Amino acid sequence: MAVEDEPECRLYVGNLDYRISESSVIKMFSTFGKIVSEDFLLHKHGPKRGEPRGYAFVQYSTKEEAQIAKLKMNGRLVFGRPIVVRLASEKATAEGTKTLGATSADAKQSSTSCSKLASLDKDAKIAAIRKKLKSLEGEGSSAKRPRLDTDKKT
């Protein structure tokens with residue numbers, strides 16, 4: 001599997017000011033490691049066509065580089081706005097923020113390439129989806145109670 005396809009190496013960079021350019025994002029994040037790819041999203045349609053959407057994705061060659069960049073850049077003020085940096089695979093909800101507490105020691109572990117860790121993460125996601133589906137199937141089997149119509153005249 002190619003390194004570029006690994007979610008552990010891909011960062012979401014959000015809350016970007018509209019004045020920030022693609023080259024600025026690359027300059028800010030290139031100090032933390034080798035950037036394999038970068039997606040700077042622009043509006044495709046409507047009155048804002050061609051203007052930045054306010055977020056980007058930065059792909060590093062290793063998970064460790066991505067973790068270091070996340071730790072160093074998350075919350076940093078850029079053009080007066082705190083930017084949000086997280087793994088692209090993390091959820092923005094409280095459930096996804098469990099992984100935000102990583103330390104720099106976690107990021108400096110042996111240089112494990114992203115491809116070695118992808119299958120573990122994928123299996124965990126599949127197990128979580130199966131568990132959720134099973135719980136939803138259990139809820140669906142209980143019959144709905146009929147609604148009482150209190151406004152009905154007799």
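In which sense do strand 1 and strand 6 pair, and over how many bridges? The views below come from a predicted model.

**View 1. Strand 1 (residues 10–14) beside strand 6.** The two strands pair in the antiparallel sense. Four bridges join them. Gly-14 stands opposite Val-84, a residue of strand 6.

**View 2. The open sheet of four strands.** The strand order is 2-3-1-6, and the pairing is antiparallel. Strand 2 (35–42) and strand 6 (84–87) form the edges. Each edge strand pairs on one side only. From one strand to the next, the twist averages 20°.

**View 3. Helix 1 (residues 22–30) on the sheet.** This helix packs on the sheet and touches strand 1, strand 2, strand 3 (52–60) and strand 6. The directions of helix 1 and strand 2 make an angle of about 145°.

**View 4. Helix 2 (residues 63–73) on the sheet.** Helix 2 also packs here, touching strand 1, strand 3 and strand 6. Its direction makes about 155° with that of strand 6. Buried residues in helix 2 include Glu-64, Ala-66, Ala-69 and Met-73. Gly-75 follows the helix, with a positive phi near 90°.

**View 5. Asn-15 in the loop between strand 1 and helix 1.** Asn-15 is not a glycine, yet its phi is positive, near 60°. The residue is partly exposed, because its relative accessible area is 29%.

**View 6. Phe-79 in the loop between strand 4 (77–78) and strand 5 (81–82).** Phe-79 has a positive phi of about 55°, although it is not a glycine. Its relative accessible area is 46%, so Phe-79 counts as partly exposed.

How values were computed: Residues are numbered from 1 along each chain as its sequence is written. This is a predicted model: local features need pLDDT of at least 70, side-chain atom pairs count only at pLDDT 80 or more; totals for chains, interfaces and linings use all residues. Side-chain values use heavy atoms; hydrogens and water are left out. Two strands pair if DSSP finds at least two bridges between them. Axes are lines fitted to C-alpha atoms, for helices over the stretch in contact, and angles run from 0 to 180 degrees between N-to-C directions. Contact means heavy atoms within 4.5 Å. Buried means under 20% relative accessible area, exposed over 50%, partly exposed in between (1.4 Å probe, protein chains only).
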